[in-house]
Amino acid sequence: MGMSRRTVRSVDPLSRPRLTVVRGDAAGVPEQSPERADATDVLASILIDAFGDRVLFLFHRRIPGQTGDLPVIAVTSTGVHLIEPRCYPGKKVRACRDGSTFEIDGVRHTRLAEQMAEHAEALQAAVSTGPLPDTPVHTSYCFVEGELPMRPLEVDGVRVLSIRSTLRRLRAGGPLDERQVEALHRDLARRLVRS
């Protein structure tokens, strides 16, 4: 399968780095699990279509020196959002009894929560050494497909959202102005390398 690219450019290329959504496997990049890689591509298209450049995104980035892929980072007036897309078509997504990990169709998936904790900690460290160190980092899972319960779901303290809930969360207003959002985005784009 060939690699296709979709590039979103802002009006002022100096104020906002070029954003690229990579689809498919790139040479030299460790292969991701299909339920995450495909979900990231689907969610990236939905987010770009919904927000254009009103929300600034980074896709498939990592902290230098670490191997974990940060699939979707959104910078909005409410802060920096780390979104972990997931896709489990037709499967029931729940939390185990103590809420510490996922149960998908009755099978525990402990690595998902561990991975989110590692990624959130790394991103928080990156933000805290940037231009606005007190900016909050919000974390969530976005299930592109999967049967979520009717009641709100959290796993290890992280919200589990549908696409609609993710869009609503990113639309919320916050205290950061456009200049601050751009400064945060520019700093993260410079320091986080493409995966």
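Trainee: Which residues of H2 are buried?

Mentor: In this predicted model, burial is assigned to residues with under 20% relative accessible area. Residues three or four places apart in an α-helix point the same way, because there are 3.6 residues a turn. In H2 the buried residues are Leu112, Ala113, Gln115, Met116, His119, Ala120, Ala122, Leu123, Ala126 and Val127.

Trainee: How far apart are the end C-alpha atoms of helix H2?

Mentor: Helix H2 covers residues 110-128, and its 19 residues, taken at 1.5 Å a residue, should span 27 Å. The separation found in the model agrees with that expectation, since the end C-alpha atoms of H2 are apart by 28 Å.

Trainee: What is the angle between the planes of phenylalanine 57 and phenylalanine 59?

Mentor: Five aromatic pairs are counted, and one of them joins phenylalanine 57 to phenylalanine 59, with 5.6 Å centre to centre. Both of these phenylalanines are buried. Planes under 30 degrees apart count as stacked, and this pair is stacked, with an angle between the planes of 20°.

Trainee: Which residue in E10 is the bridge partner of serine 140?

Mentor: Strand E8 (residues 137-147) pairs with strand E10 (residues 158-162) in the parallel sense over four bridges, whereas strand E9 (residues 153-155) runs antiparallel to E10 and is joined to it by three bridges. On the E9 side, glutamate 154 stands opposite arginine 159. The bridge partner of serine 140 in E10 is likewise arginine 159.

Trainee: Which residue in the turn of the E9 and E10 hairpin has a positive phi?

Mentor: The hairpin formed by E9 and E10 has two residues between the strands. The positive phi, about 50°, belongs to aspartate 156.

Conventions. Residues numbered from 1 in each chain as written. Predicted model: local features only at pLDDT ≥ 70, side-chain atom pairs only at ≥ 80, totals over all residues. Heavy atoms only, no water. Phe/Tyr/Trp six-rings, centres within 6.5 Å; stacked < 30°, edge-to-face > 60°. Buried < 20%, exposed > 50% of the residue type's maximum accessible area, 1.4 Å probe, protein only. Expected span 1.5 Å × (residues − 1). Pairing = 2+ DSSP bridges.
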